[in-house]
Amino acid sequence: MIELHHVHYRYTQTGGWILSDINLEIHPGEYVLLCGASGSGKSTLCRTFNGLIPHFHGGVLEGHVLVAGRDTRTLAVNDLFAQVGMVFQNPEAQLFQRTVERELAFGLENLGLPRASIHARIAASAATVGITDLLPRSPQQLSGGERQLVAIASILALQPQVLVLDEPFAHLDAPNVRRVQAALRTIHRQGMAIILTEHRLQHALPDADRLVVMQQGRIVLDGRPRAVLQADPRRFGMHIPPVVQVAHTLALPEMPLTVEELLGMVDSEESSRQKAAVDVVSGGLGRTIGGLQKIEPMRWTQPGHLHHPPTTTAPPTVLTLEKVSFLRDRLAILRNVSLEVHAGECLAIVGANGAGKTTLIKHLNGLYRPTQGRVWTMGQATHRARVSDLARQVGLAFQNANDQFFTFQVWDEIAVGAHALRCYDEAWLQHLIALLHLEPLCQRSPYRLSEGEKKRVAVASALASRPTILVLDEPTAGQDWNARQALGDLLHSLRSQGQTIILVTHDLDFAEAHAQRWVVLAAGEIVTTGTPWEVMANARVMCQAGLEPTQLFQIHSAMSRGQMVQAEREE
Amino acid sequence: MVLFELDPRTKLILTLLSAALIIMSTRWYGSAITLGLLGLIIVYIRAGRDFGRWLRLVLPMTAFWFALVWWSADYTTAITAGLRLLALTSVFFVFFHTTTPEDLGNALVQSGLPYTWAFVISAALQVVPIFSRKAQHIIDAQRSRGIPLEPGFAALRHYPALLTPLLIQSFQLADDLAEALEARGFGRAGRTFWRDYRLRRRDWLVLATASAVCVGLVVFPWL
């Protein structure tokens with residue numbers, strides 16, 4: 001279907017090769033998972049499949065890309081778009097029509113189809129993806145997951161032979177991941193080939209029948225998923241899901257792709273192996289998975305006692321929310337939220353997209369004022385204080401670091417907030433820059449950094465005023481494995497200095513590894529709080545909040561539920 | 001309702017004709033009668049709430065205009081001028097409430113307007129809410145680190161903190177949009193339209209009646 005022979009590519013005449021010597025053949029009906037760290041060239045590779053490279057992006061392309069036997073050089077994107085359909089990463093820039101129905105019609109109209117078949121294809125494509133009820137709505141009013149489905153349906157309607165998706169799960173929460181997974185499974189069953197890029201394997205791994213690993217513009221591994229996992233892609237900077245890590249530690253003969261498969265494999269072994277597996281999960285893996293190497297495994301059972309050995313006096317309260325409700329357009333975004341945060345703790349506010357997490361943290365520094373109730377930040381009532389006064393106490397770093405960059409050097413970017421707040425302290429900023437390993441970047445433009453580096457600069461600028469509370473909104477969104485690790489290490493060192501941290505995320509793997517306490521938000525209400533494992537053990541609440549327990553927790557709880565209960569208690 | 005089913009081009013012509021009549025009318029009751037008719041239409045298409053929200057934007061402007069004319073001329077002229085402005089803007093409210101930019105654009109394409117133009121118009125309107133959302137995010141992010149971007153004079157001094165990220169993100173968005181359009185066959189020759197826009201008999205009837213009324217009002221200007 002698609003063949004690449006010795007393909008090299010670079011965006012400019014002189015720069016380094018982004019792709020080097022790629023040889024790849026995609027067969028009809030395949031489900032290919034293309035993975036690699038940020039900057040490994042996977043998005044660039046996708047753009048060669050439908051001719052966007054070289055026709056749209058220019059640059060230097062060597063070698064041959066053949067689609068259905070014809071060289072893409074000799075074709076235009078307009079000839080290829082209906083054969084190789086492409087869903088891009090940013091849903092905002094893909095949906096530009098007034099209704100979903102028009103969105104689906106757009107490509108078909110360009111294709112020059114007669115009216116009757118346009119209508120038939122819209123109906124069929126919407127039904128396959130499961131968005132028939134959304135057809136009359138405006139894409140602007142849909143949730144992130146629904147927009148992703150609309151983007152998929154609008155390409156599916158073209159009936160391409162290959163569907164290419166660039167990180168479709170990047171910004172989705174658990175229920176939406178399942179919807180997109182199910183839609184892709186249906187499409188694949190209908191015989192369409194799927195090529196999907198991801199830097200987190202676990203969402204697409206169970207469905208894929210081929211796994212391709214890229215590193216620095218080259219394909220380094222290619223084959224059946226189990227075989228590739230056996231070859232251990234960790235050495236290419238890839239993250240492998242916890243189930244596979246467990247399997248590697250146990251040296252299992254075959255690699256499991258899901259928690260169920262792993263449990264099946266372990267059950268059939270003798271009991272000493274099972275015990276080993278439990279040890280691996282609750283011990284060694286607990287330390288390495290989240291990047292928290294220095295923290296004792298016992299933290300799972302007794303979080304909160306790590307940096308604060310049990311004392312008679314509780315740490316002081318730095319933040320209090322008292323029955324906070326917030327209305328927008330007569331709609332309740334937050335309902336009766338009460339919460340206390342203590343000095344030195346690391347708290348995670350978790351919940352599905354649209355649960356009100358971001359709205360909640362905008363109350364902490366007075367950006368929003370509660371419609372009802374009160375917020376006290378360091379004893380100051382936010383409804384009477386100015387944002388600039390509260391900003392000295394609460395350092396907030398939002399999801400998209402590009403929202404704040406406006407200077408030409410990283411150093412200025414970090415210092416500008418401190419200047420504005422009149423608390424500029426050169427020694428502190430130097431310390432901060434050393435702590436976040438930003439020394440080599442100080443003179444560079446913030447816009448030219450990688451996503452991981454941008455995130456570290458944003459965190460540094462939130463810390464510039466030495467706030468008591470650091471709030472991070474979806475810190476792991478769009479970050480690859482190495483960047484996540486770096487962020488995890490940073491949180492660890494901040495915590496060891498007594499920094500109070502509030503994480504806001506739907507990334508439970510990260511929240512599990514770094515937060516002592518979870519606050520679960522669902523439809524604007526706090527439905528439960530507790531240690532990560534207490535919360536995840538409550539299946540009803542997890543389901544209500546649209547959250548899925550982490551693989552680590554699933555393995556652990558399934559194993560301890562069996563004959564390991566006793567052993568677990570002794571531990 | 002007929003108003004919905006008319007071709008977008010018919011609605012455009014009707015709107016322009018009414019606007020011309022309102023501008024030409026010199027007595028206060030001319031605009032008042034138009035406003036009354038528009039009120040009936042707005043109630044009929046159940047757009048009352050939207051109209052109310054929109055009036056909140058227009059009324060201060062009208063009041064200012066009224067005061068200005070009263071100050072420079074006299075009371076009756078001011079009333080006529082105020083009513084005229086209100087009627088004029090209401091006509092366009094009804095038009096945009098019953099016609100989407102895409103419908104208008106696509107209909108005009110079938111009358112010969114190049115498709116790219118029509119697309120640019122409707123895409124520009126779509127992008128407005130995206131930008132206001134982006135601007136709000138940027139303002140929140142900057143205020144969170146102490147840069148005062150709340151409305152006021154202080155914000156003027158700090159405008160690069162809002163405009164630079166907004167500008168850079170808009171370039172990025174334009175790039176992404178162009179790529180996504182390309183990948184969905186934008187600009188390919190031989191485009192069809194999923195909806196047919198045709199001036200039917202009732203469009204011609206409505207247009208003929210409206211022209212007759214216009215000519216009548218111009219020839220016999222009792223109003």
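What follows is a short chat about the A–B contact and strand β13(A) in a predicted model.

Me: Ground rules first: what is the numbering, and which pLDDT cut-offs apply?
Reply: Residues count from 1 along each chain as its sequence is written, and chains are lettered from A, ligands numbered from 1, in the order in which they are written. The model is predicted, with local features needing pLDDT of at least 70 and side-chain atom pairs pLDDT 80 or more, while totals for chains, interfaces and linings use all residues.

Me: How many residues does each chain put into the contact?
Reply: Chain A gives 52 residues and chain B gives 40 residues. Contact means C-beta atoms, placed from the backbone, within 7 Å.

Me: Which helix of chain B gives the most?
Reply: α9(B), with 12 residues. Both α7 (115-144) and α9 (159-182) of chain B supply at least two residues each. Helices are DSSP runs (H or I, at least four residues) and strands are too (E, at least two), numbered from the N terminus.

Me: New topic. Is β13(A) buried or exposed?
Reply: Mostly covered: five of its five residues, 346-350, are buried. Buried means 20 or more other C-beta atoms within 10 Å of the residue's own, with C-beta atoms placed from the backbone.

Me: Which residues point which way?
Reply: A:Leu347 and A:Ile349 go one way, A:Cys346, A:Ala348 and A:Val350 the other. In a regular strand, side chains alternate between the two faces of the sheet.

Me: Which strands does β13(A) pair with?
Reply: β18(A), residues 500-505, parallel, by five bridges. Also β19(A), residues 517-522, parallel, by four bridges. Pairing takes at least two DSSP bridges.

Me: What stands opposite A:Val350 in β18(A)?
Reply: A:Thr505. In β19(A), the bridge partner of A:Val350 is A:Val520.

Terms used: Contact = placed C-beta atoms within 7 Å. Buried ≥ 20, exposed ≤ 12 C-beta atoms within 10 Å, placed from the backbone.
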